[in-house]
Amino acid sequence: MRILVAEDDVRLAEVLEQSLSEAGWEVEVAHDGRTAYDRAVPGGLPYDVLLLDWMLPGMDGVTVCRRLREMGMATPVMMLTARSEVRDRIDGLDAGADDYLPKPFDLDELLARLRALHRRSSYEEETVTQVGDLRVDPGSRRVFRGEEEIELSAREFDILQLLVGRAGKVVSRFTILDEVWDGETDLRSNVIDVYLATIRSKIDKPFGTNTITTVRGAGYRVDPVPTEAEAS
């Protein structure tokens, strides 16, 4: 997950960079609005979320957001603001911000809101994902093996969607906890193993398949199934 942090308070920017990096984000920092705008222009560096301070030098955060939206940028935007007037917050949202957080803020709340923005945009953008005859539809939140529908709980679906959506890549336990549980459970807990066992019992065992590989010490991986042309 890649995020651009635009904050002119150097100390706060350092705190945000460290906290977001520790939470698994790839962080880039800009200290003025013009730099933030130039980096986030569509066609440039791809970000999953923008975190913009309202009062940036050179170009304020609201203007940055508005101009990026006018250029067709769809990246979620979180605004940080010391302004308390309702009208100011409305202006930020009308400029295209997806959420705002007044200063001073709780760091854990900020992280949770950023995860929610990223998760929401991912669901909106993702189309049906298929590995072999296993089909995951994020829009309807339905799973099929061939023509047979498989009933999963909400959390089982979220885990499977995450793994299938990153087929071929190892997904760490930390990533699963961060994106599915918002980091609200202990990494040392066996809750992921329990869920994975249940998912396997539903999507694999009845069909004699093996979709999810445990990569010892690293996480879990769904291997893409080669097409007939690739297999030959």
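Here are some worked exercises on this predicted model, to be followed with the structure open beside you.

**Exercise 1. Helix α1 from end to end**

Work out what length helix α1 should span, and compare this with the distance between its end C-alpha atoms.

*Solution.*
- Step 1: Helix α1 covers residues 10-22, which makes 13 residues.
- Step 2: The expected span is 1.5 Å times one less than the number of residues.
- Step 3: That rule gives 18 Å for α1, and the end C-alpha atoms are 18 Å apart, so the two agree.
- Step 4: Now look at the start of the helix, where a side-chain oxygen of Asp 9 comes to within 3.1 Å of the backbone nitrogen of Arg 11.
- Step 5: Just after the helix, Gly 24 has a positive phi of about 100 degrees.

**Exercise 2. The two sides of α1**

Find which residues of α1 are buried, and decide how they are arranged around the axis.

*Solution.*
- Step 1: Take buried to mean under 20% relative accessible area, and exposed to mean over 50%.
- Step 2: Ala 13, Leu 16, Ser 19 and Leu 20 are the buried residues of α1.
- Step 3: These residues cover an arc of only 135 degrees around the axis, and therefore sit on the same side of α1.
- Step 4: Turn to the other side of the helix, and you meet Arg 11, Gln 18 and Glu 22, which are exposed.

**Exercise 3. Another helix, another face**

Repeat the analysis for helix α8, checking its length and then its buried residues.

*Solution.*
- Step 1: Helix α8 (residues 191-203) has 13 residues, and its first and last C-alpha atoms lie 18 Å apart, close to the 18 Å expected.
- Step 2: Its buried residues are Val 191, Ile 192, Leu 196, Ile 199 and Ile 203.
- Step 3: Seen down the axis, the buried residues of α8 fall within an arc of 130 degrees, so they line one face of the helix.

**Exercise 4. Strand β1 and its neighbours**

Describe how β1 is covered, which way its side chains point, and how β1 pairs with β2 and β3.

*Solution.*
- Step 1: Start with burial: five of the five residues of β1 are buried.
- Step 2: Recall a general point: in a regular strand, side chains alternate between the two faces of the sheet.
- Step 3: In β1, Arg 2, Leu 4 and Ala 6 point one way, while Ile 3 and Val 5 point the other way.
- Step 4: On pairing, β1 runs parallel to strand β2 (residues 26-30), with five bridges between them. Ala 6 stands opposite Ala 30 in β2.
- Step 5: The path from β1 through α1 to β2 is a β-α-β crossover, and this crossover is right-handed.
- Step 6: Strand β3 (residues 49-53) also runs parallel to β1, joined by four bridges. There, Leu 51 is the bridge partner of Val 5.

**Exercise 5. Salt bridges along the chain**

Locate the partners in three salt bridges of the model, and say how accessible each residue is.

*Solution.*
- Step 1: For a salt bridge, look for a side-chain nitrogen of Lys or Arg within 4 Å of a carboxyl oxygen of Asp or Glu. By this rule there are 16 salt bridges.
- Step 2: Glu 7 and Lys 103 form one of them, at 3.1 Å from N to O. Glu 7 lies in the loop between β1 and α1, and Lys 103 in the loop between β5 (99-102) and α5 (107-125), so the pair ties together parts that are 96 residues apart in sequence.
- Step 3: At 1% relative accessibility Glu 7 is buried, whereas Lys 103, at 27%, is partly exposed.
- Step 4: In another pair, the closest N and O atoms of Asp 133 and Arg 145 are 2.9 Å apart. Asp 133 is in the loop between β6 (129-131) and β7 (134-137), and Arg 145 is in strand β8 (residues 142-145), twelve residues apart.
- Step 5: Asp 133 is partly exposed at 38%, and Arg 145 is buried at 6%.
- Step 6: Arg 142 and Glu 149 also meet in a salt bridge, at 2.9 Å from N to O. Arg 142 is partly exposed at 36%, as is Glu 149 at 31%.
- Step 7: Finally, salt bridges with shared partners join Arg 2, Glu 26, Glu 28 and Arg 39 into one network.

**Exercise 6. A buried acid in β5**

Place Asp 99 in the structure, and find a side chain that it contacts.

*Solution.*
- Step 1: Asp 99 belongs to strand β5.
- Step 2: Its relative accessible area is 17%, so Asp 99 counts as buried.
- Step 3: The side chain of Asp 99 makes a polar contact with the side chain of Arg 113, at 2.9 Å.

Notes. Residues numbered from 1 in each chain as written. Predicted model: local features only at pLDDT ≥ 70, side-chain atom pairs only at ≥ 80, totals over all residues. Heavy atoms only, no water. Helix = DSSP H or I, 4+ residues; strand = E, 2+ residues; numbered from the N terminus. Buried < 20%, exposed > 50% of the residue type's maximum accessible area, 1.4 Å probe, protein only. Arc of directions from axis to C-beta. Polar contact = N/O pair within 3.5 Å; in protein donor to acceptor, adjacent residues only side chain to side chain. Pairing = 2+ DSSP bridges. Right-handed = clockwise from strand over helix to strand, strands pointing away.
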